[in-house]
Amino acid sequence: MDHDHFIGQVQARAQLSGRGEAEGLTRATLETLGERIPEQLTTNLADQLPMEIGESLRRTVTMGGAGSGERFGLDEFTRRVADRGHFGESNAVYGARVVLEVTGEATEGVMEKVREALPDDLRELVDAGSTGELRA
C-alpha cells in the first residue's frame with residue numbers, strides 16, 4: 001500500500017474532512033504506538049509501511065524520556081493521540097482504531113505481533129477496527 005492510498009483509507013474510514021487531518025491522525029497514532037511497543041517491533045512495523053508513514057514510528061518523541069516500550073493503557077494512549085492530533089478523546093479513540101486497522105492491512109503479519117505486545121485494553125483497540133465494538 002502506498003502513502004496516498006494509506007492516507008486516503010484513513011480519511012475515508014474516519015470520515016475526516018481532509019488529507020491533512022488524516023495525516024495528523026496517522027502521525028499521532030503511530031508516534032504513540034511507537035512509544036508503547038518495544039523498539040525492535042517498532043522498527044519491523046515501520047519497515048513495512050510507506051516511508052513517510054513509517055517515519056512516525058521511527059521518530060517517536062517519548063514523553064518523559066522513558067523511551068519505547070513504555071507501559072500505559074488505553075486511557076493514556078487516547079490522551080496522547082488526542083493531544084498530538086488536537087482531537088477530542090472520543091475522536092482520538094475512533095481515529096486510532098482506523099489507523100491501526102489500515103496499518104494492519106498495509107503490513108504482513110506484524111500487527112499480530114504488535115497486538116501481542118499490548119495489554120488487553122489496547123488489544124481491543126486493535127481488534128475493534130473501524131466497525132467493531134470497543135468494550136473498554
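The following legends describe an overall view and several close-ups of a predicted model.

**View 1. The whole chain, built from eight helices and zero strands.**
Read from one end of the sequence to the other, the chain follows the pattern α-α-α-α-α-α-α-α. Its radius of gyration is 13 Å, close to the 14 Å that the globule rule gives for 136 residues, so the chain is as compact as a globular protein of that length. Along the principal axes, the C-alpha atoms fill a box of roughly 35 × 30 × 25 Å. Of the 136 residues in the chain, 49% are buried, and the chain exposes about 6,600 Å², of which carbon and sulfur atoms supply 43%. Among contacts with a separation of 6 or more, 67% are between residues 24 or more positions apart.

**View 2. The largest nonpolar core, a set of 38 residues.**
Within this core, the residues with the most contacts are Val-10, Leu-33 and Val-114. At least two core residues come from each of helix 1 (3-14), helix 2 (19-36), helix 3 (39-47), helix 4 (51-58), helix 5 (74-85), helix 6 (89-106), helix 7 (110-116) and helix 8 (120-128). Helix 6 supplies the largest share of the core, eight residues. In soluble globular proteins, nonpolar side chains tend to be buried together.

**View 3. The surroundings of Val-10, one of the residues with the most contacts inside the largest nonpolar core.**
When its neighbours within four places in sequence are left aside, Val-10 is in contact with Gln-15, Leu-16, Ala-22, Leu-25 and Thr-26, and also with Val-98, Val-99 and Val-102.

**View 4. The salt bridge between Arg-84 and Glu-35.**
The closest N and O atoms of Arg-84 and Glu-35 are 2.4 Å apart. Because Arg-84 lies in helix 5 and Glu-35 in helix 2, the pair ties together parts that are 49 residues apart in sequence. Both Arg-84 and Glu-35 are buried, and for Glu-35 the relative accessibility is 0%, a value that falls under the 20% limit for a buried residue. The side chain of Glu-35 is also joined to that of Arg-80 by a polar contact of 2.6 Å. Side chains of opposite charge can pair when their charged atoms come close.

**View 5. Two salt bridges within helix 5, Arg-80 with Glu-76 and Asp-83 with Arg-79.**
In the pair formed by Arg-80 and Glu-76, the closest N and O atoms are 2.7 Å apart, and the two residues lie four residues apart in helix 5, about one turn of the helix. Arg-80 is buried, with a relative accessible area of 6%, whereas Glu-76 counts as partly exposed at 22% relative accessibility. In the pair formed by Asp-83 and Arg-79, the closest N and O atoms are 2.6 Å apart. Asp-83 and Arg-79 are separated by about one helical turn, because they are four residues apart in helix 5. Both members of this second pair count as partly exposed, Asp-83 at 44% relative accessibility and Arg-79 at 31%. Salt bridges that share partners join Glu-31, Glu-35, Glu-70, Glu-76, Arg-79, Arg-80, Asp-83 and Arg-84 into one network. The count of salt bridges comes to 14.

**View 6. Pro-38, in the loop between helix 2 and helix 3.**
With a relative accessible area of 41%, Pro-38 is partly exposed. Pro-38 and Arg-80 are 42 residues apart in sequence, and in space they are 17 Å apart, C-alpha to C-alpha. Arg-80, in contrast to the partly exposed Pro-38, is buried.

**View 7. Helix 8 and its packing against helix 2, helix 5, helix 6 and helix 7.**
The buried residues of helix 8 are Leu-122, Leu-125, Val-126 and Ala-128, and these buried residues pack against the four helices named in the title. Helix 8, which spans 120-128, is also among the helices that each supply at least two residues of the largest nonpolar core. Just after helix 8, Gly-129 takes a positive phi of about 60°.

How values were computed. Residues are numbered from 1 along each chain as its sequence is written. This is a predicted model: local features need pLDDT of at least 70, side-chain atom pairs count only at pLDDT 80 or more; totals for chains, interfaces and linings use all residues. Side-chain values use heavy atoms; hydrogens and water are left out. A nonpolar core is a set of buried Ala, Val, Leu, Ile, Met, Phe, Trp, Tyr and Cys residues joined through side-chain atoms within 4.5 Å. Buried means under 20% relative accessible area, exposed over 50%, partly exposed in between (1.4 Å probe, protein chains only). Contact means heavy atoms within 4.5 Å. A salt bridge is a side-chain nitrogen of Lys or Arg within 4 Å of a carboxyl oxygen of Asp or Glu. A polar contact is a pair of N or O atoms within 3.5 Å; within protein, one must be able to donate a hydrogen and the other to accept it, and residues adjacent in sequence count only if both atoms are side-chain atoms. The radius of gyration is taken over C-alpha atoms; the globule rule is 2.2 Å times the number of residues to the power 0.38. Accessible areas come from the Shrake-Rupley method with a 1.4 Å probe; for residues, only the protein chains shown count as cover.
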